[in-house]
Amino acid sequence: MHLSSKLPDVGVSIFSKMTLLAQQTGALNLAQGFPDYDPPLELQEALARHARLAGHQQYAPMPGLPRLRAAIAAQVGRLQPDALAPDPENEITITAGATEALYAVLAAVVRPGDEVLVLEPAYDLYGPAIRLQGGVPRYLRLPAPHFRPDWDAVRAAITPRTRMVMVNTPHNPSGAVFGANDWQALADILAGTEVFLLSDEVYEHLVFDGQPHRSARQHPQLRERAFVLSSFGKTYHATGWKVGYCVAPPAFTTEVRRVHQFLTFSVSTPTQHALADVLAADPTDAHARGLAAFYQAKRDLFRALLSEAGWVLMPTPGGYFQLASYPPAAGQPDRAFAERLAREAGVAVVPLSAFYHDGYDAGLVRFCFAKEETTLREAAKRLGAMRQAAPKGGHAARSAA
């Protein structure tokens with residue numbers, strides 16, 4: 001029998017490939033976006049406690065534990081005081097990571113032939129998830145080095161078939177951050193349309209240099225059409241726990257849950273209880289509010305180390321990734337250069353071309369700096385040792401200008 005693939009052009013993700021290469025070569029893994037340190041001890045202890053409690057081993061309610069949804073609603077209300085706190089019963093759904101939330105939203109909204117506007121570079125899940133619903137991704141390239149939208153170009157890209165616009169702030173892979181002016185520009189573009197908004201905000205607490213995170217929920221016109229996604233994995237350094245959530249208006253939430261119940265039905269019960277415990281024990285949101293300074297220190301250290309090693313750095317106003325080019329590697333395809341870094345320098349990175357549907361090569365690679373200081377220093381040391389061996393040229397430096 002022959003099975004015709006729905007995604008014939010999709011193979012193993014670049015993140016899995018580079019992680020495997022790191023394992024094979026012994027390279028430091030700065031490719032895949034996960035920390036090399038553990039979640040807070042109180043969260044680990046809470047999980048261990050709930051894993052032993054009777055009744056916490058069975059299915060949680062399909063939308064998520066009521067106590068966790070209530071804790072999320074309270075925190076969102078505190079962190080976004082200029083927007084109404086979401087209704088925990090009708091506007092919050094706990095999902096198996098933001099990945100499942102994103103897929104559930106697309107499955108609920110996108111119909112065959114619908115167009116979805118995707119701003120590139122973009123997380124590699126976006127395009128395939130749209131296509132699996134019969135939708136058509138329409139890509140719009142964000143200009144380097146700041147990777148901020150050209151709103152005139154966004155307006156021109158909207159067609160009568162546009163069903164949804166997908167945005168990501170802070171942005172993976174560039175770290176670009178939306179401000180109030182960006183949301184207003186998008187609201188003006190979508191006014192009077194039936195276009196939905198999916199706002200991927202999993203790095204919401206990682207905004208640097210004293211700037212605040214601005215959510216789509218904080219704009220009254222956008223809130224009415226938006227699905228907003230977040231992730232406990234990013235907030236609590238626990239990406240392997242795979243717990244995220246979707247905040248959306250009640251009618252939207254109903255449709256997301258209709259899909260969610262047939263994807264995962266519910267998310268790990270003891271894990272949800274553990275997260276509810278730590279949120280309840282932190283009424284001032286000290287952990288979430290402290291993440292910006294925690295990660296900015298890592299960003300600043302790593303940027304200084306990379307600069308000393310001869311790298312050209314893109315701005316990084318948020319998130320935990322650093323885009324950079326290496327002038328001596330000019331003219332070499334970014335994927336080949338990324339493999340070379342793993343094999344010769346012992347540092348695994350992700351080539352930026354993996355974030356473009358057409359493999360566009362800007363001469364940049366992505367580092368994850370959500371690592372211990374010792375890891376970052378050792379990576380920079382290894383990268384610095386490559387300087388003498390690198391081929392000569394200038395393309396990468398020009399692409400970063």
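**A first look at the chain and its helix 7**

Good morning. Of the 401 residues in this chain, 57% are buried. I should say at once that what we have here is a predicted model.

Let me begin with the overall architecture. The secondary structure amounts to 15 helices and 13 strands. The radius of gyration is 21 Å, close to the 21 Å that the globule rule gives for 401 residues, so the chain is as compact as a globular protein of that length. Along the principal axes, the C-alpha atoms occupy a box of roughly 60 × 55 × 50 Å.

How are the contacts distributed along the sequence? If we take the contacts with a separation of 6 or more, 77% of them join residues 24 or more positions apart.

I turn now to the surface and the charges. The chain exposes about 16800 Å², and carbon and sulfur atoms supply 54% of that area. There are 38 positive and 38 negative side chains, and the centres of these two sets are 3 Å apart.

For a local example, please look at helix 7, which covers residues 180–190. Which of its residues are buried? They are Asp182, Trp183, Ala185, Leu186, Ala187, Ile189 and Leu190. As a general reminder, an α-helix has 3.6 residues a turn, so residues three or four places apart point the same way.

What do the buried residues of helix 7 pack against? Their partners are two helices, helix 6 (151–157) and helix 8 (220–223), together with strand 5 (162–168) and strand 6 (196–200). Just after helix 7 comes Gly192, with a positive phi of about 80 degrees.

Thank you for your attention.

Key:
Residues are numbered from 1 along each chain as its sequence is written. This is a predicted model: local features need pLDDT of at least 70, side-chain atom pairs count only at pLDDT 80 or more; totals for chains, interfaces and linings use all residues. Side-chain values use heavy atoms; hydrogens and water are left out. Helices (H or I, at least four residues) and strands (E, at least two) are DSSP runs, numbered from the N terminus. The radius of gyration is taken over C-alpha atoms; the globule rule is 2.2 Å times the number of residues to the power 0.38. Buried means under 20% relative accessible area, exposed over 50%, partly exposed in between (1.4 Å probe, protein chains only). Contact means heavy atoms within 4.5 Å. Accessible areas come from the Shrake-Rupley method with a 1.4 Å probe; for residues, only the protein chains shown count as cover. Lys and Arg count as positive and Asp and Glu as negative; His and the chain ends are not counted. The place of a charge is taken as NZ of Lys, CZ of Arg, CG of Asp or CD of Glu.
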